[in-house]
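Grab the structure and a notepad: here are a few exercises, each with a worked solution. Try each task yourself before reading on.

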Amino acid sequence: MPAESEKKRTLAVRLRDRYRLVILNDSSFEEIFVLKLRPLSLFIGAGATTILLITLGIFIVSFTPLREYIPGYIDTKIRRSLIDLAARSDSMTYELDLKTKYIENINNVITGQVKTDSMRKKPDPRVNYKSLINTNKASKEDSALRSEIEQRERYSLSNAKPNANNGISSFFFFTPLKGSVTSSFKARDEHYGVDVATKENEAIKAALDGTVIMAAWTTETGYSMQIQHSNNLVSVYKHCSALMKKTGNYVKAGEVIAIVGNSGELTTGPHLHFELWYNGSPIDPQDYMVF
């Protein structure tokens, strides 16, 4: 132990010892250069110089154009240009695909090779849509409304069966669907009904007693239904996801006839397009019922 302590102490003393570096003229032994230094100072100076050089190198590589000459480094402007070129290339490829398909479709139409309509958005026939109806059980508000209507019909003379003399004013309509009216009746724009938006799988109910004269699928309006009522009145229900009645069925006012959907091409979301036609002319449903 004392020997090791002596060695350590001797090393520490040696590091603090002063040394002189002398450069002499070999002929005249004249001192040309003299440098006094210590080993400890020499080590500290060498370390500081090394750290300074490393820091300077990192700075040059990071903040000067010299980094472009180092393999693996890319200029920021070049990188942005590459990203922009890649995005443009992708867009051009997408546009080229669209134009190619467009030309193919035109060629098929000209040559008569038109494929059969695939009836997009047609519901799966294996799905039991009756189980999806959200209103199988009437709510408290619906039950109260039904009771109020029944009481009115029991003593009201105006709700008698309409005929050609008393006109449409004698009808008491049942609102087919509660929701938000997103598009109103506009005959000038050839929009002969109202669009009532609501969530999917809501039940659509018959506005009046009548007979189903059409229950079918069309490409534009999807699953649609028309009901013939008395006094030359017809109600129309479009864009359904499923129809609960068939052509020829007799329905009562408030009876579930279809389910709200998003079928057909002329639709952008789940809603009901509802129309009323009286004596062959369209009328505004909002004049006779509140959605």
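A nonpolar core, as used here, is a set of buried Ala, Val, Leu, Ile, Met, Phe, Trp, Tyr and Cys residues joined through side-chain atoms within 4.5 Å. Keep in mind that this is a predicted model.

**Exercise 1: the core**

Task: Find which residues touch the most other members of the largest nonpolar core, and which strand gives the largest share.

Solution.
- Step 1. Start with the chain: it has four helices and twelve strands, and 26% of its 291 residues count as buried.
- Step 2. Go to the largest nonpolar core, which has 30 residues. Those touching the most other members are Phe 173, Ile 204, Ile 227, Leu 233, Tyr 237, Ile 257 and Phe 274.
- Step 3. Sort the core by strand. At least two residues each come from β4 (193–197), β6, β7 (222–229), β8, β10 and β11 (271–278). The largest share is that of β11, with four residues.
- Step 4. Zoom in on Ile 204. Leaving out residues up to four places away in sequence, Ile 204 touches a list of residues including Pro 176, Tyr 237, Cys 240, Ile 257 and Leu 272.

**Exercise 2: Lys 245 and its partner**

Task: Locate Lys 245 and work out which side chain pairs with it in a salt bridge.

Solution.
- Step 1. Look in the loop between β8 (233–243) and β9 (250–251), where Lys 245 sits.
- Step 2. List the contacts of Lys 245 beyond four places in sequence: Val 212, Ala 215, Met 225, Val 251, Glu 255, Val 256 and Ile 257.
- Step 3. Pick out the charge partner. Side chains of opposite charge can pair when their charged atoms come close. Here the salt bridge is with Glu 255, at 2.6 Å from N to O.
- Step 4. Place the partner. Glu 255 is in the loop between β9 and β10, ten residues from Lys 245, and the pair links distant parts of the chain.
- Step 5. Check the cover on Glu 255: its relative accessibility is 24%, so it counts as partly exposed.

**Exercise 3: two more salt bridges**

Task: The model has five salt bridges. Describe the ones made by Lys 252 and Glu 202.

Solution.
- Step 1. Lys 252 pairs with Asp 209, and their closest N and O atoms are 3.4 Å apart.
- Step 2. Lys 252 belongs to the loop between β9 and β10 (256–260), while Asp 209 belongs to the loop between β5 (203–205) and β6 (210–218), so this salt bridge ties together parts 43 residues apart in sequence.
- Step 3. Lys 252 is partly exposed at 45% relative accessibility, and Asp 209 is partly exposed at 32%.
- Step 4. Now Glu 202: its partner is Lys 199, with 3.9 Å between the closest N and O atoms.
- Step 5. Glu 202 is buried because its relative accessibility is 13%, under the 20% cut-off. Lys 199, at 54%, is exposed.

**Exercise 4: a nonpolar patch**

Task: Which strand gives the most to the nonpolar surface patch?

Solution.
- Step 1. Mark the patch residues: Leu 21, Ile 23, Ile 32, Phe 33 and Leu 35 make up about 440 Å².
- Step 2. Assign them to strands. β1 (19–24) and β2 (31–37) each give two or more residues, and β2 gives the most, with three.
- Step 3. Inspect Phe 33, which lies in β2. Its relative accessibility is 39%, so Phe 33 counts as partly exposed.

Definitions and conventions
Residues numbered from 1 in each chain as written. Predicted model: local features only at pLDDT ≥ 70, side-chain atom pairs only at ≥ 80, totals over all residues. Heavy atoms only, no water. Contact = heavy atoms within 4.5 Å. Patch = residues over 30% accessible without salt bridge, like charges linked within 9 Å, V, L, I, M, F, W, Y side chains within 5 Å. Areas by Shrake-Rupley, 256 points an atom, 1.4 Å probe, with all protein chains shown as cover. Salt bridge = Lys/Arg side-chain N within 4 Å of Asp/Glu carboxyl O. Buried < 20%, exposed > 50% of the residue type's maximum accessible area, 1.4 Å probe, protein only.
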